[in-house]
Amino acid sequence: MEFIKAFVIDLLGTAAILVGLMAFIGLVLQKKPWDDIVSGTLKTIVGFLIFSVGSGAAVLALDSFQGLFSKGFGLDGVLPLAEAVTALAQDRFGTVVSLVMLVGFAFNLLFARITPFKYIFLTGQHNLYLAALLTVMLKALDVGNTAIVIVGGIILGFSACIFPAIAQPYMRKVTGNDEIALGHYVTVGYAISGWVGSKVGKPEDTTENLKLPKWLSMFKDYVVGVSLTMIVFYYIATFAAGPNFVEELSGGMNWLVYPLIQGLTFAAALYVIITGVRMLLGEIVNAFVGISEKLIPNAKPALDCPVVFPFAPTATVIGFLSAYAGGLLCMVMFGVFDLSVIIPVAVPYFFIGATAGVFGNASGGWKGALAGSFVVGILIAIGPAIIYPIMADIGLTGTAFPETDFTIVGVLVYYIGQFLINLF
């Protein structure tokens, strides 16, 4: 009996198995053929395990970068990457993060059913990142695991409905209709970009009448963008730390080779994470979408940010460059004031800046794309600086969430939670 009890607890206490079980239930409820059920369940489990392998590699690469940057500059160097911080949270609280994500998806369906906000958030990886954020914030408040799953799931479900609604007025300007929504937790930033655009320019002065060099499009490739950015920043930290420290940290590897290998390793780790997340969430979404379609009439799908890129391709490049300029400005200012330095990594700055550029262009043409994305570039540097100390308190260092919506939710959860704990 004890063996069976331990077997069941260990089995269901493994996050990958638990998530696979949820996919299994969803597929069975849809009366899928058994071969689809087996395939979907196994791919979900394997996807989660791939994600875990990438997480471990990312943690090691982050540790090496943190050591180089701290030695070289005497400052905290923080890489704002949702994938990386989710990897750290997954490494510490994997089962809880998974349950928050799954319960949150159920609450998303419930809130979409009973409220006017008929949005089904289908960007699964962003729900996973939000689940990680909520777990971290509630852990920082010393909340128990059961309460984290329930409270975190409710907050995630509500966020999945309300944040797409915030961006929807400008999303209609981008797409010209009301058929789809944006499922990317920078919606407050994108709405701000649209508002700024409307104040500085005119939509008829669109970016699509401008011509830009084609080489800039290489930053659209995830591997290239992360690799180039990380190699550059690893070398900056390496030269600052000096050859003796680098070769001590690397275990004897040549000090000029080490930053190259580490930068590429970090890029590889993030690619593995993304591959695992896509496999995992592709199956989870398939398991639950059919149910949501039957339960929620007039629901709108909230989709990932690249869905807006075809509406203004030139605005995506302008948005990236302008947002990145804002991030670099903040990096310098944080260093001057001896704060944790938020390092602008190209990939989140590309996707977030590009989307902000499209929103700014929709309401203010090229001037709107330029100004709106610059403001968003500053916001996604300030946000991690605000939330990073809370994460560092529970031992998650070296990275933070850049997304504006995550910052808002995280800060509200933490400080309202503190107030309630002190009150009672």
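**Stop 1: the sheet β2-β4-β3**

Select strands β2, β4 and β3 in this predicted model. The three strands form an open sheet in the order β2-β4-β3, and their pairing is parallel. Strands of a sheet pair through backbone hydrogen bonds, either parallel or antiparallel. The edges are taken by β2 (119-121) and β3 (181-182); each has a single partner strand, so one side of each is left without a neighbour in the sheet.

Now show β2 together with β4, which covers residues 300-303. The two strands run parallel and are joined by three bridges. Which residue of β4 is the bridge partner of I120? Select P301 to see the partner.

Next, add helix α6, residues 145-175. This helix packs on the sheet and touches β2, β3 and β4. Turn the view until both α6 and β2 can be followed: their directions make an angle of about 110 degrees.

**Stop 2: a salt-bridge network beside β4**

Stay in this area and show the side chains of R172, D178 and K300. How many salt bridges does the structure hold? There are two, and both can be viewed here.

Begin with R172 and D178, which form a salt bridge whose closest N and O atoms are 3.2 Å apart. R172 is partly exposed, with a relative accessible area of 37%. D178 is also partly exposed, at 32% relative accessibility.

Then move to K300 and D178, whose side chains meet in a salt bridge of 3.6 Å, N to O. K300 belongs to strand β4 and D178 to the loop between α6 and β3, so this pair ties together parts that are 122 residues apart in sequence. Through shared partners, the salt bridges join R172, D178 and K300 into one network.

**Stop 3: the sheet β5-β1-β6**

Select β5, β1 and β6. These three strands form an open sheet in that order, with parallel pairing. Here β5 and β6 stand at the edges with a single partner strand each, so one side of each has no neighbour in the sheet.

Centre the view on β1, residues 77-80. On one flank, β1 pairs with β5 (residues 341-342) in the parallel sense over two bridges. Within that pair, V78 stands opposite I342. β1 also pairs with β6 (residues 399-400), again in the parallel sense and over two bridges. In β6, T399 is the bridge partner of L79, and A400 stands opposite P80.

Turn on the side chains of β1. In a regular strand the side chains alternate between the two faces of the sheet. In β1, G77 and L79 point one way, while V78 and P80 point the other way. Are these four residues buried or exposed? All are buried.

**Stop 4: M230 in helix α8**

From L79, step across to M230, which lies in helix α8 (residues 222-241). M230 has a relative accessible area of 0%, so it is buried. Leaving aside neighbours within four places in sequence, M230 is in contact with L79, G263, F266 and V345. Select P259 as well: the C-alpha atoms of M230 and P259 are separated by 8.8 Å, although the two residues are 29 residues apart along the chain.

**Stop 5: T135 in helix α5**

Go to helix α5, residues 124-140, and pick out T135. At 0% relative accessibility, T135 counts as buried. What is T135 in contact with, apart from its neighbours within four places in sequence? Select F93, V96, V97, V100 and I148 to show these contacts.

**Stop 6: a nonpolar patch on the surface**

Switch to a surface view and select I408, L412, I416, F419, L420, L423 and F424. Together they make a nonpolar surface patch of about 760 Å². I408 is placed in helix α13, residues 404-423. Its relative accessibility is 34%, so I408 counts as partly exposed.

**Last stop: the whole protein**

Zoom out and colour by secondary structure. The protein has 13 helices and six strands. Of its 424 residues, 54% are buried. The protein exposes about 17,600 Å², and carbon and sulfur atoms supply 68% of that area. Among contacts between residues at least 6 apart in sequence, 82% join residues at least 24 apart. The contact between M230 and L79 from the fourth stop links two such positions in the view.

Key
Residues are numbered from 1 along each chain as its sequence is written. This is a predicted model: local features need pLDDT of at least 70, side-chain atom pairs count only at pLDDT 80 or more; totals for chains, interfaces and linings use all residues. Side-chain values use heavy atoms; hydrogens and water are left out. Two strands pair if DSSP finds at least two bridges between them. Contact means heavy atoms within 4.5 Å. Axes are lines fitted to C-alpha atoms, for helices over the stretch in contact, and angles run from 0 to 180 degrees between N-to-C directions. Buried means under 20% relative accessible area, exposed over 50%, partly exposed in between (1.4 Å probe, protein chains only). Patches are made of residues with over 30% relative accessible area and no salt bridge: like charges are joined within 9 Å, nonpolar side chains (Val, Leu, Ile, Met, Phe, Trp, Tyr) within 5 Å. Accessible areas come from the Shrake-Rupley method with a 1.4 Å probe; for residues, only the protein chains shown count as cover. A salt bridge is a side-chain nitrogen of Lys or Arg within 4 Å of a carboxyl oxygen of Asp or Glu.
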